[in-house]
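Here is a friendly briefing to read with the model open beside you. Take it topic by topic, and keep the viewer handy.

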Amino acid sequence: MTKFTWYGHATHGIETDDYKLLIDPFFTDNPAASTTADAVTADFILVSHGHGDHVGDTIALAERTGATVISNFEIANWFSAQGVEKVHPQHIGGGFHHPFGYLKFTQALHGSALPDGSYGGNPAGFLLTTKDNKKIYMAQDTGLFGDMQLIGDEGIDLAIIPIGDNFTMGPADALKAVKFLRPKAVIPIHYNTWDLIAQNPISWADEVQAETAAKVIVLKAGESYEF
Ligand code: NI
Ligand code: MN
């Protein structure tokens, strides 16, 4: 059993049978957050890129929980310099067998400057294959790219993609992304956090379900999907 929880914006939890993961844990100052950084825990924290709405509460969470922070080489070094004790650097195209499964970094078309202006390398998405062989693709912040078709060839059980527009794909490109990725299920993220990325996920879901075989799951912040 794998449990995916959306905490609002691009912040997720994934629970496998043995491990808890947090992805881009942005709780403090996140107007869409369903809970607080103090109320969650993690064994591993994944950070997709350097922007503040993704680095979020990582440093405080790592300190309190002792979680290992997984990010690109530049951001992992930056976290080390901030006092995070356990980091695991990876980079785009590279996968590693972690205790919770095989995690591969995928490309993302976006920026990655860190909150203090430090260079944050290139932004990434995540392709996770769990121990029970479920494939979860988390695009995180990105524009549409044609190589999503290659990611789709992996056989995606659950895709997490942004629909907010302005900073990432909007609804029309996100529909194209679903066609490229061919996931069994898809959950939209990175919308309605601020007015700038206001979208209607229900009308997007209707359109995707009319044009693809994917099941669209529109979660409210704090809700989970188990599969
Ligand atoms: Ni970003
Ligand atoms: Mn973002």
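**Briefing on the fold and the metal sites**

Strand E2 (residues 11-15) and strand E3 (residues 20-23) run antiparallel and are joined by four bridges. Bear in mind that this is a predicted model. The points below go through one sheet with its helices, then another sheet, and then the metal ions.

**The sheet that holds E2 and E3**

- Seven strands make up this open sheet, in the order E6-E5-E4-E3-E2-E1-E14, and the pairing is mixed.
- E6 and strand E14 (224-226) are the edge strands; each has a single partner strand, so one side of each has no neighbour in the sheet.
- From one strand to the next, the twist averages 20 degrees.
- E2 and E3 form a hairpin, with four residues between them.
- Within that pairing, glycine 13 has leucine 22 in E3 as its bridge partner.
- On the other pairing of E2, five bridges connect strand E1 (residues 3-8) to E2, and these two run antiparallel.
- Glycine 13 turns up again here, as the bridge partner in E2 of threonine 5.
- E3 is also joined to strand E4 (residues 44-46), by three bridges, and this pair runs parallel.
- Across the E3 and E4 pairing, isoleucine 23 stands opposite leucine 46 in E4.

**Helices packed on this sheet**

- Which strands does H2 touch as it packs on the sheet? H2 touches E3, E4 and E5, and its direction makes about 170 degrees with that of E4.
- H3 packs on the sheet as well, touching E5 and E6, with its direction at about 140 degrees to that of E5.
- Helix H3 (residues 73-81) has Ile75, Ala76, Trp78 and Phe79 as its buried residues.
- Seen down the axis of H3, these buried residues fall within an arc of 160 degrees, so they line one face of the helix.
- The buried residues of H3 pack against H1, helix H2 (58-65), strand E5 (68-72) and strand E6 (87-90).

**The sheet from E7 to E13**

- Another open sheet of seven strands follows the order E7-E8-E9-E10-E11-E12-E13, with mixed pairing.
- Strand E7 (95-98) and strand E13 (215-216) are its edge strands, each pairing on one side only.
- Strand E12 (residues 185-189) and E13 run parallel and are joined by two bridges.
- In this pairing, alanine 185 stands opposite lysine 215 in E13.
- Helix H5 (residues 171-181) lies across strand E10 (135-138), strand E11 (158-162) and E12, and runs at about 155 degrees to E11.

**The nickel ion (ligand 1)**

- Its protein donors are His49 (NE2), His51 (ND1), His110 (NE2) and Asp141 (OD), which lie 2.2 to 2.3 Å from the nickel ion (ligand 1).
- Why is the arrangement around the nickel ion (ligand 1) irregular? The four donor atoms subtend angles of 88 to 176 degrees, which makes it so.
- Along the sequence, the donor residues of the nickel ion (ligand 1) are spaced H-x1-H-x58-H-x30-D.
- Distant parts of the chain are linked here: histidine 49 is in the loop between E4 and H1, aspartate 141 is in the loop between E10 and H4, and the two are 92 residues apart.
- Both histidine 49 and aspartate 141 are buried.

**The manganese ion (ligand 2) and the shared aspartate**

- The protein donors of the manganese ion (ligand 2) are Asp53 (OD), His54 (NE2), Asp141 (OD) and His190 (NE2), at 2.1 to 2.3 Å from it.
- These donors follow the spacing D-H-x86-D-x48-H along the chain.
- Aspartate 141 bridges the manganese ion (ligand 2) and the nickel ion (ligand 1), which lie 3.2 Å apart.
- The manganese site also links distant parts of the chain: aspartate 53 in helix H1 (residues 52-55) and aspartate 141 in the loop between E10 and helix H4 (148-152) are 88 residues apart.
- Aspartate 53 is buried, as is aspartate 141.

**Threonine 168 and its contacts**

- Threonine 168 is in the loop between E11 and H5.
- Is threonine 168 buried or exposed? Threonine 168 counts as buried because its relative accessibility is 8%.
- Beyond its neighbours within four places in sequence, threonine 168 is in contact with Asp141, Thr142, Pro162 and His190.
- Among these contacts, Asp141 and His190 are also donors of the manganese ion (ligand 2).

Technical notes. Residues are numbered from 1 along each chain as its sequence is written. Chains are lettered from A and ligands numbered from 1 in the order in which they are written. This is a predicted model: local features need pLDDT of at least 70, side-chain atom pairs count only at pLDDT 80 or more; totals for chains, interfaces and linings use all residues. Side-chain values use heavy atoms; hydrogens and water are left out. Two strands pair if DSSP finds at least two bridges between them. Contact means heavy atoms within 4.5 Å. Axes are lines fitted to C-alpha atoms, for helices over the stretch in contact, and angles run from 0 to 180 degrees between N-to-C directions. Donors are N, O and S atoms within 2.8 Å of the metal (3.2 Å for Na, K and Ca); water is not among the atoms, so sites may look incomplete. Buried means under 20% relative accessible area, exposed over 50%, partly exposed in between (1.4 Å probe, protein chains only). Four donors count as tetrahedral if all angles lie between 85 and 135 degrees; four count as square planar and six as octahedral if opposite donors are over 155 degrees apart and all others between 65 and 115; anything else is irregular. The arc is that of the directions from the helix axis to the C-beta atoms.
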